[in-house]
Structure formats: structure tokens, C-alpha cells
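Please work through the exercises below with the model open beside you. Each one sets a task and is followed by a solution in steps.

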There are 2 protein chains.
Amino acid sequence: MARKPAEQTVHPDEIIRAAAVVFHRQGYHGATMADIAAEVKLTAGSLYHHFPGKEDLLLAVLDRGLAQITHDVRAVVESSDPSPAKLRQIVHIHIHSELEDSIIAAAVIFESRVLLNVPGVRDRYVSQRDTLENLYRRVIDVGIASGDFRAVDVGIFVKTLFGALNWVSVWYRQDGRLTEAEIADEITDTFLAALHTG
Amino acid sequence: MARKPAEQTVHPDEIIRAAAVVFHRQGYHGATMADIAAEVKLTAGSLYHHFPGKEDLLLAVLDRGLAQITHDVRAVVESSDPSPAKLRQIVHIHIHSELEDSIIAAAVIFESRVLLNVPGVRDRYVSQRDTLENLYRRVIDVGIASGDFRAVDVGIFVKTLFGALNWVSVWYRQDGRLTEAEIADEITDTFLAALHTG
DNA sequence: CCTATAATCAAATATAGATTTGATTATTCA
DNA sequence: TGAATAATCAAATCTATATTTGATTATAGG
């Protein structure tokens, strides 16, 4: 009788990614359902088979983006060895995630404000964001405690670092002077120098 | 016969500022002409007396925001004395301009992408942005040349600094833990430490 | 090979919101 | 004062686009 979900000609994940691409390119309001649909060779109407509406698409994008990057960063933070080295690792991961894995992260950065009015959503988003920020805080805290890092205001420091990292997706160019890894290293150098004791 | 422009019950500047506020709050596409009009007690239609259209409003906001902050930063850069002290000054000015004088700057940051497709506009915007960036570069360059600063990659460093500064408008809260000046100082400390030689 | 359901589409529907239009109400200056 | 024009408004227009609707097509399981 019933029938297993067919072999999803289009996987929901592909739609989320497509939405992220279009949101990033055109902004939430500037992105049309038709644009997103086109990205996966569907018509606008067909999207409604997979998602209840445009807002839910953005939600999914934000969720996914934050979850992804948080997952990656957590993996590093919770591995055994101590801190200064870790900071470099997570900056690399953050930038990589931002530029490659998920243009999603970039959409997150710029489009999250759109949903910040919807109350339930706001809470969820804020809590996810805090989780990520706390991972960074932990690394800095440990470094300060161990004497490896200067005693900065961790709250401001992390925001500062996030700002710098987020901004990368705005100015980064594939064909630019430096590679992604070189950029990540240079930025890490800056922040490690800033944390240098003495 | 003719008649001098009447005493502008509503000065164009007020409209630009209102537009900046609304763009910042709701994003370009999310801002309606009615929203902007309401901010200065007008009706949507009346705005067309002052500006040809919505896009021109954004243009004006960007122009004004960049011009303002560039003006302020230039004043410091072109004053006599040398560099390390200047960096602190311009960071203060930048943040102040961003938070108070012109929510405009914040709108600039987030909404500029919208216009980056319009060709003529793009060029103009990019050139204005470069002017501002170059002021920062100059300060860093001088510091490196004089041996006051470590020899960083100036291009990346300035982008990193901009990212951190721009991001402030996203997380800053009037009623937050620190004042605007304290935040500016903390951020300056971070970047000066990052430039510290040895 | 059927049948139920998923996946899709093309074509409506509905609505928001930018821009226009045609008055109406100041205001300056001659 | 009174023409000329600016500033404004309320209401009409027009367009884009999110969402719905009613088929049509494909596929998995029997």
C-alpha cells in the first residue's frame, strides 16, 4: 500500500544549500522562490513539497550552517591537547567552513537579522550562536589560565575575532592574492600576537 | 517669479538618516518606502519629491556614510604626529561614527551588496571604500616603516580590522556591560598588541 | 501490470509595496 | 495680496512574487 519516499530526485539538503547560495548572493528578501528553485532545476511551486515556506528555508539554512561549523569547532576544542595550537586550528576550520563547505555560514551572518524578530526563532538562533561563541571562549579562557595568553576581555575578544572571520566571506575572492589557508594563517598570526604575553 | 526652495519642512538629510535607520533595522528589501516615510512623518508618495526612488535613497545613505567616516578618519591621519597613537584615535572615531553619528555606516556595511550589481554604482562605492581603507593602510605602513609595528600583511590586517570594527554594530547594545569608549579601547589594545614588535 | 503516493509542473490567486497621479495646502517673493 | 512653485497627501496603478490549486508523471511495492 504505502510507499517509501521515492528516491528523492532532489534531496532536501540540496535545496538548503541552493537556498544558502541564493540568500548569500541576493539577500533574503532579494531572493525569490523561483531563483532558489532554478538552482536545483525545479519550479517555485515544487519547493513547497519540501519546505512549508520561504522563511522555513532560511531557518533551515541557519540551523544547518551553525550546526555544521559548531560541530567542526567542537571536535577540535574537545580533542585532548592544550590551547594556543587550537586557536589556529579553529580559525582555519571556521574560514574553511565559511568559504567552502557552507556558503551557508555567510548567509547566516547576513540574513540572520531577518528572523531576529520572530520570537521563538530568535531564542533558538541566539542559543546556537552562544554555543559556538562559548567554544571559542573556552579556548581563550584556558590559554589565559595557563598563562599562555594575555588576560584580555574574553567577551570583546571573541566578538572581535568573529567579526574579522565573518568579514572574510565579504572580501574573499577565489582568484585573490592569497589562498584560503594563507589568509587563515595571517589572521591567526594577528590574533595570536594579540594574545601574546609580556 | 521663481522661488527659492522653501524652508524644507523636511531636510533631505533627515530623510537620508531615516532611511539609514530603517535599512539597518530591516534590510534594504525589507524596508518599505512607507516605513522610511513614517520615520519623518511623511507618506510614501511624498518621498518622491526628494528622491527619485528607493535605490537612490540607499545610494545616498552609502555615500553619506562613507564620506562622513572617511572625513573623520582623514582628519586624524593627516594631522602631524606619528602613528601608534593614531591607530587608537581612528578606531575610536570609526566605532563612534558607526554607533552614533551614523547608523548610516552600519547600513553601509550590510546593504552595500544590494547595489554591487549595478555597474556604475559598484565602481563608485568600491573607490570610496578603497579611499577609506587606504587611510588605514597608510597608518599601518608608516608604523611598520618606522619600526613601531611588526611587519604584517597590511592588506589582510586592514580587512581583519575592518571586519572587527564593522561587526561592533551588530552586537553592540546601549545597555551593555561596556561603554562605547571602553569597547573601542579594548579592540585597539588587541590590534596594537597584534602589531607589537618582538 | 496495477495502484497508491511522491514529485513535479503550469497556471491561478493574492498581496504587498514601489511608483504615479491629481488634488490640496503652504510659502516665498514680486 | 496674489501668482508661481514647493511640499504634501490620499488614492489609483502596476508589478513582482509568495503561496495555492489541480492536473500530470514517475516509481515502489504488491
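The exercises that follow concern a predicted model, and they go from one chain to the interface and then to single residues and pairs.

**Exercise 1. Describe the secondary structure of chain A, and state how its residues and surface divide.**

Step 1. Begin with the secondary structure, which in chain A comes to nine helices and zero strands, so that reading from the N terminus gives α-α-α-α-α-α-α-α-α.

Step 2. Turn next to burial: chain A has 198 residues, and 49% of them count as buried, the cut-off being a relative accessible area under 20%.

Step 3. For the surface, the accessible area of chain A comes to about 9,300 Å², and carbon and sulfur atoms account for 54% of that area.

Step 4. Finally, consider the contacts in chain A between residues at least 6 apart in sequence, of which 69% join residues at least 24 apart.

**Exercise 2. Characterise the interface of chain B and chain A by its contacts, its buried area and its polar pairs.**

Step 1. Count the residues on each side: 34 residues of chain B are in contact with 34 residues of chain A.

Step 2. Take the area, where chain B and chain A bury about 2,900 Å² between them, with 63% of this on carbon and sulfur atoms.

Step 3. List the polar terms, beginning with the two salt bridges counted between chain B and chain A. A salt bridge joins the side chains of Arg177(A) and Asp153(B), with an N to O distance of 2.9 Å. The rule also finds four residue pairs in polar contact across this interface, both residues being at pLDDT 80 or more.

Step 4. Assign the side of chain B that touches chain A to its elements: helix H1 (12–26), helix H6 (103–115), helix H8 (154–171) and helix H9 (180–195) of chain B each supply at least two residues. H8(B) gives the most to this side, with 11 residues. By residue class, the side of chain B that touches chain A divides into 16 nonpolar, 10 polar and eight charged residues.

**Exercise 3. Is Thr188(A) buried or exposed, and what does its side chain meet?**

Step 1. Locate the residue, which lies in helix H9 (residues 180–195) of chain A.

Step 2. Compare its accessibility with the cut-off: Thr188(A) has a relative accessibility of 1% and therefore counts as buried, since buried means under 20%.

Step 3. Look for a polar partner of the side chain, and the backbone oxygen of Ala184(A) is found 2.5 Å from a polar atom of the side chain of Thr188(A).

Step 4. Once residues up to four places away in sequence are set aside, Thr188(A) touches Leu87(A), Arg88(A) and Val91(A).

**Exercise 4. Examine three salt bridges within the chains, and say which parts of the sequence each of them links.**

Step 1. As background, side chains of opposite charge can pair when their charged atoms come close. Over all chains, the structure holds 19 salt bridges.

Step 2. In chain A, Glu39(A) forms a salt bridge with Arg25(A), and their closest N and O atoms are 3.6 Å apart. Glu39(A) belongs to helix H2 (residues 33–39) and Arg25(A) to helix H1 (residues 12–26) of chain A, 14 residues apart. Glu39(A) is partly exposed at a relative accessible area of 37%, and Arg25(A) is partly exposed at 46%.

Step 3. In chain B, the side chains of Glu78(B) and Arg138(B) meet in a salt bridge at 3.9 Å, N to O. Because Glu78(B) lies in the loop between helix H4 (54–77) and helix H5 (83–101) and Arg138(B) lies in helix H7 (residues 119–145) of chain B, the pair ties together parts that are 60 residues apart in sequence.

Step 4. Also in chain B, Asp185(B) and Arg88(B) meet through their side chains in a salt bridge at 3.1 Å, N to O. This pair links helix H9 of chain B, which holds Asp185(B), with helix H5 of chain B, which holds Arg88(B), the two residues being 97 apart. Asp185(B) counts as partly exposed at 29% relative accessibility, as does Arg88(B) with a relative accessible area of 26%.

Methods
Residues are numbered from 1 along each chain as its sequence is written. Chains are lettered from A and ligands numbered from 1 in the order in which they are written. This is a predicted model: local features need pLDDT of at least 70, side-chain atom pairs count only at pLDDT 80 or more; totals for chains, interfaces and linings use all residues. Side-chain values use heavy atoms; hydrogens and water are left out. Helices (H or I, at least four residues) and strands (E, at least two) are DSSP runs, numbered from the N terminus. Buried means under 20% relative accessible area, exposed over 50%, partly exposed in between (1.4 Å probe, protein chains only). Contact means heavy atoms within 4.5 Å. Accessible areas come from the Shrake-Rupley method with a 1.4 Å probe; for residues, only the protein chains shown count as cover. Buried area is the accessible area (1.4 Å probe) that two parts lose on being put together, summed over both. A salt bridge is a side-chain nitrogen of Lys or Arg within 4 Å of a carboxyl oxygen of Asp or Glu. A polar contact is a pair of N or O atoms within 3.5 Å; within protein, one must be able to donate a hydrogen and the other to accept it, and residues adjacent in sequence count only if both atoms are side-chain atoms. Ala, Val, Leu, Ile, Met, Phe, Trp, Tyr, Cys and Pro count as nonpolar, Asp, Glu, Lys and Arg as charged, and the others, Gly among them, as polar.
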